[in-house]
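Colleague: Could you show me how to read salt bridges and burial in a model like this one?

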Number of protein chains: 2
Amino acid sequence: MEIGIVGLGLIGGSLGIDLRSLGHRVLGVSRRAETGDRAVERGAVDVASPDLALLRSVDVAFVCTPLGVMEATVRELVPHLPPDAALTDVGSVKGWVVEAIAPLWHNFVGGHPMAGTADSGIEAAQPNLFTGAAYVLTPTDTTPIEAVERVEAVVKPLQVRLYRCHPEAHDRAVSWISHLPVLVSASLIAACTTEVDPEVAILAKALASSGFRDTSRVGGGNPELGVMMARYNTPALRQSLLVYRDQINHLLNLLEQQDWQALQAMLEQTHRDRPPFLR
Amino acid sequence: MEIGIVGLGLIGGSLGIDLRSLGHRVLGVSRRAETGDRAVERGAVDVASPDLALLRSVDVAFVCTPLGVMEATVRELVPHLPPDAALTDVGSVKGWVVEAIAPLWHNFVGGHPMAGTADSGIEAAQPNLFTGAAYVLTPTDTTPIEAVERVEAVVKPLQVRLYRCHPEAHDRAVSWISHLPVLVSASLIAACTTEVDPEVAILAKALASSGFRDTSRVGGGNPELGVMMARYNTPALRQSLLVYRDQINHLLNLLEQQDWQALQAMLEQTHRDRPPFLR
């Protein structure tokens, strides 16, 4: 097939590398010509251009720009697309994206490949980034089934675990397991840095080890990503955070009542409940 | 030197292996004779016995039993110790331990080697468990300096990072970076399992990846360890948890006010503040 990719960063570039390996012809658009040149050099696209008209004959187009510019990008893109092209995106929030973009293109299917690295940009693009990762598609009741099937036909050979669900179900699921952990983890770092006794503050830094490192990792990550997820998934994330605060309040009560039996029961439950979230 | 170790589990056994390699004669006491036999077979002690009288001529004794039986163990042990023996422990909380044990033995120095694995027991004992780890000693104003120096002389060759501080400073520091993360992390698991929509609950498990895995790790760990730390470090942990809840409330306010600029500033701060806690 002929595949268009708009936005040649980590995700767009990695998609291009794999789709070319699978025999597709990949056309890439980046606002900056030098990014397109690097994408060609790195084997991520066959041809690159800053001009969206490059995608005039594609079968499927992937929008891989940040959430903040996605709607504007699609508005510029759609006049150039052939009428039956399927359009999809790779944004980490789906309700808002589908609401904004579905009215702009009848063959739009929201998508979210759940892969990434700590790096970004075309230089971070790599083969097999998506192997074994979840890839969620979020068709609605009005999405043409042909568009869903065409996007699935393109991404399934990447050896992803493919899921279909409503945009709202996706957003609630990721608010629990992806967005809430960022706020939980950032709050840990913020709390630890409130210590005013200099001896304790220095000691805390010296004694921190793997427990602190793991629990604080996503809260010390890319600030822009954290803001994006909060901004575009606000209601679901707020609801998750309210439930989380209830759990913290519950623990405070157990400490105040010195109810070690109930604490033991809770920690046995979390010990049992974690493995189903891991693969 | 002649070294006594009471309690031949992961920590006691690993200490024995290293101290024997360094040329010390190591005498081990375990209530169960078969644990002592295994400690001899594994090279963790030169001689083992269920009888505390084995330690009648040691220079330094390490109490490596769980916190819950430490005071009772020391009460049984002290009639057998030579008068100038230094006594230390390896408990993960120090205020409570020092308060309970210092009155029982004048040459007592609280200690906390901050190393471990997910496993426990003599079979989990291993060489070099403490290499590069922090090892905190918590003398008080009345601890004889000779006792502190003798314990330091024994543990320093394990290539630990040695710290001295007051028991209370230790307990506040570990409440931030070791005990609070357990409650933060357990609350995340507990919150995620409240989801009542079966589609979302299944999807959350399917989509969870490294962010959830890392943030939930210590909250899904050994329930007994979590209860011990809460039970023996209650006031410091409660204080840390109250500060943590303030941070969660602050984030809820930012979400409600959609104050993305303040959220960006907070996440930039946590991004900067994390590295000093890592080595």
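Modeller: Let's go through a few side chains together. This is a predicted model, where local features need pLDDT of at least 70, side-chain atom pairs count only at pLDDT 80 or more, and totals for chains, interfaces and linings use all residues. Residues are numbered from 1 along each chain as its sequence is written, chains are lettered from A and ligands numbered from 1 in the order written, and side-chain values use heavy atoms, leaving out hydrogens and water.

Colleague: How many salt bridges are there over all chains?

Modeller: A salt bridge is a side-chain nitrogen of Lys or Arg within 4 Å of a carboxyl oxygen of Asp or Glu. By this rule there are 26 over all chains. In one of them, A:Glu2 pairs with A:Arg25, with the closest N and O atoms 3.8 Å apart. A:Glu2 is in strand β1 and A:Arg25 in strand β2 of chain A, so the pair ties together parts 23 residues apart in sequence. (Strands are DSSP runs of E, at least two residues; helices are runs of H or I, at least four; both are numbered from the N terminus.)

Colleague: Is A:Glu2 buried or exposed?

Modeller: Buried means under 20% relative accessible area, exposed over 50%, and partly exposed in between (1.4 Å probe, protein chains only). A:Glu2 is buried at 17%, while A:Arg25 is partly exposed at 41%.

Colleague: Which residue does B:Glu123 meet in a salt bridge?

Modeller: Its partner is B:Arg38, at 2.6 Å from N to O. This pair links distant parts of the chain, 85 residues apart. B:Arg38 also forms a salt bridge with B:Glu41, and those two both lie in helix α2 of chain B.
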